[in-house]
Amino acid sequence: MVASRSARERKATAQAGPLAQVRIEVGAQEQFVYKISCTQCRAKGHRPWSAYRPGADNGFMAAMDRWVFHLREKHPSSDAPCLEFLPAAEQRLHERRAQQDAARTRPD
Ligand SMILES: [Zn+2]
C-alpha cells in the first residue's frame, strides 16, 4: 500500500507539472485521497488553491481534471504534461453536466 501510494504520488506529480504539489493520502476506508495544490495561487482565506478528491482512479481523474482546468484558466503559459488530458477532461465535464441536466429534467 505504501509503495503503491508513493509510486502514484510520483507519477501524479510528474504529470501535474512544476506548479503543482501533489499529495496522496490514505483515507479512513483505505482509499486513496488525492490532493493537488497550486504553489502559486491562494484561494480565499490564504489557503492554497487545491483540488481534493477521495477515491481510486475516479478520484485521481477528478482531481487531475480540476487541476487541468485551473492551469488553463490561471496559468495559460504552463506546459505541464497533464494538459494533454484537457480534451478528455472537457469531455468528462460535458458528460457530467449532461447527466445532471437529465437528472433535473427527468419526471418522476
Ligand atoms: Zn494556480
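This passage describes the fold, the nonpolar core and selected residues of a predicted model.

The secondary structure of the chain consists of three helices and three strands. Read from the N terminus, these elements follow the order α-β-β-β-α-α. The mean pLDDT over the chain is 85, and 85% of the residues score at least 70. Confidence varies among the elements: β1 has the highest mean pLDDT, at 91, whereas strand β3 (residues 48-54) has the lowest, at 71. Of the 108 residues in the chain, 19% are buried. Where contacts between residues at least 6 apart in sequence are considered, 35% of them join residues at least 24 apart.

Strands β1 and β2 are paired in the antiparallel sense, and seven bridges connect them. Two facing positions illustrate this pairing. E25 has V33 of β2 as its bridge partner, and V22 stands opposite I36, also in β2. The two strands form a hairpin in which five residues lie between them. E30 belongs to the loop between β1 and β2. The phi angle of E30 is near 60°, a positive value in a residue that is not glycine. Most residues other than glycine have a negative phi. E30 is also exposed, because there are 7 other C-beta atoms within 10 Å.

The largest nonpolar core comprises 18 residues, and A16, I36, A63, M64 and W67 are those with the most contacts inside it. Two or more residues are given to this core by each of α1 (2-16), β1 (20-26), β2 (32-42) and α2 (57-74). The greatest contribution comes from α2, which supplies six residues. In soluble globular proteins, nonpolar side chains tend to be buried together. The surroundings of A16 show how the core draws on separate parts of the chain. With neighbours within four places in sequence set aside, A16 is in contact with V22, I36, M64, W67, A80 and C82. Among these partners of A16 are V22 and I36, the pair that stands opposite each other across β1 and β2.

A second site of interest is Y34, which is located in strand β2. Y34 counts as buried because it has 27 C-beta neighbours inside 10 Å, the threshold being 20 or more. When residues up to four places away in sequence are not counted, Y34 touches I24, R53, G59, F60 and A63. One of these, A63, is also among the residues with the most contacts inside the largest nonpolar core. Although Y34 and M64 are 30 residues apart along the chain, their C-alpha atoms are separated by 8.8 Å. The environments of Y34 and E30 thus stand in contrast: Y34 is buried, whereas E30 is exposed.

The last helix to be described is α3, which spans residues 86-105 and has 20 residues. From its first C-alpha to its last, α3 reaches 28 Å, close to the 28 Å expected at 1.5 Å a residue. This helix is hardly covered, as one of its 20 residues is buried.

Notes. Residues numbered from 1 in each chain as written. Predicted model: local features only at pLDDT ≥ 70, side-chain atom pairs only at ≥ 80, totals over all residues. Core = buried A, V, L, I, M, F, W, Y, C linked by C-beta atoms within 7 Å. Buried ≥ 20, exposed ≤ 12 C-beta atoms within 10 Å, placed from the backbone. Helix = DSSP H or I, 4+ residues; strand = E, 2+ residues; numbered from the N terminus. Contact = placed C-beta atoms within 7 Å. Pairing = 2+ DSSP bridges. Expected span 1.5 Å × (residues − 1). pLDDT = per-residue confidence, 0-100.
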